[in-house]
Amino acid sequence: MKVVLFCGGYGLRMRSGASDDVPKPMAMVGPRPLIWHVMRYYAHFGHTEFILCLGYGAHHIKDFFLNYEETTSNDFVLRGGRTELLSTDIANWTITFAQTGIESPIGERLRRVRHHLDGDEMFLANYADVLTDAPLPEMIDRFARRDAGASMMVVPPQSSFHCVELGEDGLVGGITAVSDMPLWENGGYFVLRQEVFDHIPENGDLVADGCAQLAKRGRLVAHQHRGFWKPTDTVKERAALDDAYARGDRPWAVWDHDGAGTGATGSRAGAAARTS
């Protein structure tokens with residue numbers, strides 16, 4: 001299935017200053033940017049056709065892929081001045097770079113790349129800034145069996161704050177950690193059918209408009225995931241992922257520790273060296 005990635009927002013909480021125009025998906029985690037980790041996750045499960053909804057800082061994303069260095073994250077042999085790669089990341093990826101506007105909401109970005117989907121009944125979508133170890137094939141299979149227009153991965157609340165129950169005269173009746181409440185958050189991983197476009201108006205939003213309207217019609221399903229899931233909305237969150245990567249604590253890197261895999265592009269299968 002094709003994968004639509006929303007990577008055109010400003011990412012203001014991730015920026016270090018006015019001169020920093022790097023979009024959030026290009027924030028580094030280890031030697032590669034966030035968007036690479038997200039794309040590698042999908043590629044591991046055999047989904048290697050990507051549509052990038054570009055906007056703010058688009059040139060950074062284009063330059064990264066146009067000047068991609070396979071040797072950064074793959075083993076290789078240097079022989080006679082030639083590099084022989086022992087594995088590759090993106091050799092079989094197809095990436096469409098589509099400018100979808102600087103100020104466009106996510107729903108509008110999706111509308112603007114609809115023609116790149118070639119009428120595919122089902123496709124995947126992602127914010128390109130959240131890492132997870134969620135079982136993607138299970139998420140897709142469950143949705144494929146349902147008569148619904150969209151599936152949204154949901155996760156338990158990540159907040160460390162507490163909710164306070166107030167009674168009369170300001171007396172506190174109870175205190176509950178947000179993470180212990182029976183609530184779920186949007187996890188940012190979607191499986192969609194073309195039907196979603198019927199509910200996204202011009203300059204609309206994918207969740208507030210498209211998913212909300214599908215929910216009213218009983219056509220939105222949720223995939224509950226209690227495993228690893230980490231957003232990167234702030235510099236602190238990105239730094240925490242970078243530190244985890246340095247320690248070798250990378251649960252989102254399913255391509256490294258998920259045995260057989262399906263369609264993984266970093267595989268050594270075949271043992272044939274690739275020369276660049």
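**Exercise 1. Confidence in the model**

In this predicted model, the mean pLDDT of the protein chain is 88, and 89% of its residues reach 70 or more. Identify the stretch where the pLDDT is below 50, and state how many contacts it has beyond near neighbours in sequence.

*Solution.* The stretch comprises residues 260–276, where the pLDDT is below 50, and in the model it has 37 contacts beyond near neighbours in sequence. Where pLDDT is low, predicted coordinates should not be read in detail.

**Exercise 2. Helix α6**

Compare the expected span of helix α6 with the distance between its end C-alpha atoms, and then determine which residues of α6 are buried and against which elements they pack.

*Solution.* Begin with the length: helix α6 runs over residues 235–247, and its 13 residues, at 1.5 Å a residue, should span 18 Å, which agrees with the 18 Å separating its end C-alpha atoms.

Next, consider burial, for which the list consists of L241, A244 and Y245. Because these residues cover an arc of only 105 degrees around the axis, they lie on the same side of α6. This can be read against the general geometry of an α-helix, in which there are 3.6 residues a turn, so residues three or four places apart point the same way.

The partners of the buried residues of α6 are β2 (28–29), α1 (34–44), β9 (130–132) and β15 (229–231). On the face turned away from the buried side, α6 carries the exposed residues K236, A246 and R247. Just after the helix, G248 takes a positive phi of about 85 degrees.

**Exercise 3. Positive phi outside glycine**

For A128 and D169, establish where each residue lies and whether it is buried or exposed.

*Solution.* As background, most residues other than glycine have a negative phi. A128, however, has a positive phi near 65 degrees, and its place is in the loop between β8 (122–126) and β9. Its relative accessibility is 0%, and A128 therefore counts as buried, the cut-off being under 20%.

D169 is not a glycine either, yet its phi is positive, at about 60 degrees; this residue lies in the loop between β11 (162–166) and β12 (172–177). With 78% relative accessibility, above the 50% cut-off, D169 counts as exposed.

**Exercise 4. A buried arginine**

Locate R193, and find which side chain of opposite charge is nearest to it.

*Solution.* R193 belongs to strand β13, residues 185–193. The residue is buried yet has no salt bridge, and the nearest side chain of opposite charge, that of E121, is 4.0 Å away. Not counting residues up to four places away in sequence, R193 touches E121, M122, F123, F143, A144, R146, A148 and G149.

Notes. Residues are numbered from 1 along each chain as its sequence is written. This is a predicted model: local features need pLDDT of at least 70, side-chain atom pairs count only at pLDDT 80 or more; totals for chains, interfaces and linings use all residues. Side-chain values use heavy atoms; hydrogens and water are left out. Helices (H or I, at least four residues) and strands (E, at least two) are DSSP runs, numbered from the N terminus. The expected span of a helix is 1.5 Å times one less than its number of residues. Buried means under 20% relative accessible area, exposed over 50%, partly exposed in between (1.4 Å probe, protein chains only). The arc is that of the directions from the helix axis to the C-beta atoms. Contact means heavy atoms within 4.5 Å. pLDDT is the predictor's confidence in each residue, from 0 to 100. Lys and Arg count as positive and Asp and Glu as negative; His and the chain ends are not counted.
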